[in-house]
Amino acid sequence: MQKGYNSDIQVKGQTYHVQTEDWGAQNPFLVSRIFLNGAVVKTIKTPHDEALRNGAIRTTDALQTALKSQHHRVLDQLLSGMIR
């Protein structure tokens with residue numbers, strides 16, 4: 001299973017790095033961090049239970065889908081100006 005996603009994105013002339021990872025069963029969170037010039041400017045932490053709502057079974061595939069979804073949602077929000 002892929003442990004996370006990394007993307008660089010340009011917003012208003014600044015390059016942000018977005019990193020999303022699964023912290024695993026012992027610390028059940030999907031965590032996205034937005035970096036600017038090497039510093040974390042925002043952290044988004046979603047519990048597995050919330051990420052897998054609608055009765056999704058906690059399988060590797062379900063977690064992978066939730067991880068990818070969160071990463072893309074953060075990218076979209078950053079581009080749209082919802083996250084600063």
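**Close-up views of a predicted model**

**Thr46 and its contacts.** Thr46 is in contact with Pro28, Phe29, Leu30, Ala51 and Gln70, once neighbours within four places in sequence are left aside. The model shown here, and in every view below, is predicted. Strand β4 holds Thr46. Its relative accessibility is 9%, under the 20% limit, so Thr46 counts as buried. The side chain of Thr46 makes a polar contact of 2.8 Å with the side chain of Gln70. Gln70 is one of the buried residues of helix α2. From Thr46 to Phe29 the C-alpha distance is 5.4 Å, although 17 residues separate the two in sequence.

**Ser32 and its link to Gln70.** Ser32 sits in strand β3. Its relative accessible area is 0%, so Ser32 is buried. A polar contact of 3.0 Å runs between the side chains of Ser32 and Gln70. The side chain of Gln70 also has a polar contact with that of Thr46, at 2.8 Å. Beyond four places in sequence, Ser32 is in contact with Gln19, Thr20, Lys42, Thr43, Ile44, Gln70 and Val74. Of these partners, Gln70 and Val74 are among the buried residues of α2.

**Helix α2 and what covers it.** Helix α2 takes in residues 60-80, 21 residues in total. At 1.5 Å a residue the helix should span 30 Å, and its end C-alpha atoms are 30 Å apart, so the two values agree. The buried residues of α2 are Ala62, Leu63, Gln64, Ala66, Leu67, Gln70, His71, Val74, Leu75 and Leu78. An α-helix has 3.6 residues a turn, so residues three or four places apart point the same way. Several elements help to cover the buried residues of α2, including β1 (4-11), β2, β3 (29-36), β4 (39-47) and α1 (48-51). After the helix comes Gly81, with a positive phi near 90 degrees.

**Phe29 in strand β3.** Phe29 has its place in strand β3. A relative accessible area of 22% falls between the 20% and 50% limits, so Phe29 is partly exposed. Setting aside neighbours within four places in sequence, its contacts are Glu21, Asp22, Trp23, Gly24, Lys45, Thr46, Pro47 and His48. Thr46, one of these partners, belongs to strand β4. Arg73 is 44 residues from Phe29 along the chain, and their C-alpha atoms are separated by 16 Å.

**Asp22 and two polar contacts.** Asp22 is part of strand β2, residues 14-22. With a relative accessible area of 7%, Asp22 is buried. Its side chain makes a polar contact of 2.7 Å with the side chain of His48. The Asp22 side chain also reaches the backbone nitrogen of Gly24, at 3.0 Å. Asp22, Gly24 and His48 are each in contact with Phe29.

**Phe35 in strand β3.** Strand β3 includes Phe35. Its relative accessibility is 18%, under the 20% limit, so Phe35 counts as buried. Not counting residues up to four places away in sequence, Phe35 touches Thr15, Tyr16, His17, Gln19 and Val40. Thr15 and Phe35 are 20 residues apart in sequence, with a C-alpha distance of 8.7 Å.

**Two loop residues with positive phi.** Lys12 lies in the loop between β1 and β2, while Asn37 lies in the loop between β3 and β4. Lys12 is not a glycine, yet its phi is positive, about 50 degrees. Asn37 is not a glycine either, and its phi is positive at about 55 degrees. Lys12 is exposed, with a relative accessible area of 80%. Asn37 counts as exposed at 74% relative accessibility.

**The second largest pocket.** The second largest pocket holds about 160 Å³ of space. Its lining consists of Val11, Lys12, Gln14, Tyr16, Leu78, Gly81, Ile83 and Arg84. By class, that lining has 4 nonpolar, 2 polar and 2 charged residues. Lys12, one of the lining residues, is the loop residue between β1 and β2 seen in the view above. Leu78 is a buried residue of α2, and Gly81 follows that helix. Tyr16, also in the lining, is touched by Phe35.

Key:
Residues numbered from 1 in each chain as written. Predicted model: local features only at pLDDT ≥ 70, side-chain atom pairs only at ≥ 80, totals over all residues. Heavy atoms only, no water. 1 Å grid on protein atoms, 1.4 Å probe; cavity = no way out; pocket = protein on both sides within 12 Å on 5 of 7 lines; lining within 4 Å. Points joined across faces, edges and corners; volume = space filled by probe spheres on them. Nonpolar A, V, L, I, M, F, W, Y, C, P; charged D, E, K, R; others polar. Helix = DSSP H or I, 4+ residues; strand = E, 2+ residues; numbered from the N terminus. Buried < 20%, exposed > 50% of the residue type's maximum accessible area, 1.4 Å probe, protein only. Polar contact = N/O pair within 3.5 Å; in protein donor to acceptor, adjacent residues only side chain to side chain. Expected span 1.5 Å × (residues − 1). Contact = heavy atoms within 4.5 Å.
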